[in-house]
Amino acid sequence: QVQLVESGGGLVQAGGSLSLSCAASRRSFSSYVMGWFRQAPGKEREFVATISASGGSITYAESVKGRFTISRDNAKSTVYLQMNSLKPEDTAVYYCAAQPAGWSDYIYWGQGTQVTVSS
């Protein structure tokens, strides 16, 4: 079992920035693909960004490309999401998720952190 704990959410004005962190409880973190997802009120959860185990491959949703940056520090078992130029439509609960080696799905999820962007 892996525990993922997100932090860094909050309230920010449009155009501002926030940085999210997600700390994992297992040293095997370095073998996991990590992802960030979000869910806005009344909407389905959507993909935001993903980073490979080594950090060498990164993919973003079109809606955040150029504004958000995903990164990881395997020595700290932590994945980050730097969010710049935030928009009201970025308001959501943000979740990090882990996909262990050999799996095709994200099977470990954090509890989520609220990000609210005011206009």
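This briefing looks at two residues of strand β9, Q99 and A97, and at the nonpolar core. The model is predicted: local features need pLDDT of at least 70, side-chain atom pairs count only at pLDDT 80 or more, and totals for chains, interfaces and linings use all residues. Residues are numbered from 1 along each chain as its sequence is written, and side-chain values use heavy atoms, leaving out hydrogens and water.

**Q99**
- Q99 sits in strand β9, which covers residues 92–99; strands are DSSP runs of E, at least two residues, numbered from the N terminus.
- With a relative accessible area of 15%, Q99 is buried (under 20% relative accessible area, 1.4 Å probe, protein chains only).
- Beyond its neighbours within four places in sequence, Q99 is in contact (heavy atoms within 4.5 Å) with S31, Y32, V33, S104, D105 and Y106.
- A polar atom of the Q99 side chain lies 3.4 Å from the backbone oxygen of S104.

**A97**
- A97 is also found in strand β9, and this residue is buried, with a relative accessible area of 0%.
- Not counting residues up to four places away in sequence, A97 touches L4, V33, M34, G35, F37, Y106, Y108 and W109.
- A97 and Y32 are 65 residues apart in sequence, yet 9.5 Å apart in space, C-alpha to C-alpha.

**The core**
- The largest nonpolar core (buried Ala, Val, Leu, Ile, Met, Phe, Trp, Tyr and Cys residues joined through side-chain atoms within 4.5 Å) has 31 residues, and L4, M34, W36, V79, L81, M83 and Y94 touch the most other members.
- Strands that each supply at least two residues of this core include β4 (33–39), β8 (78–83) and β9.

Key. Helix = DSSP H or I, 4+ residues; strand = E, 2+ residues; numbered from the N terminus. Buried < 20%, exposed > 50% of the residue type's maximum accessible area, 1.4 Å probe, protein only. Polar contact = N/O pair within 3.5 Å; in protein donor to acceptor, adjacent residues only side chain to side chain.
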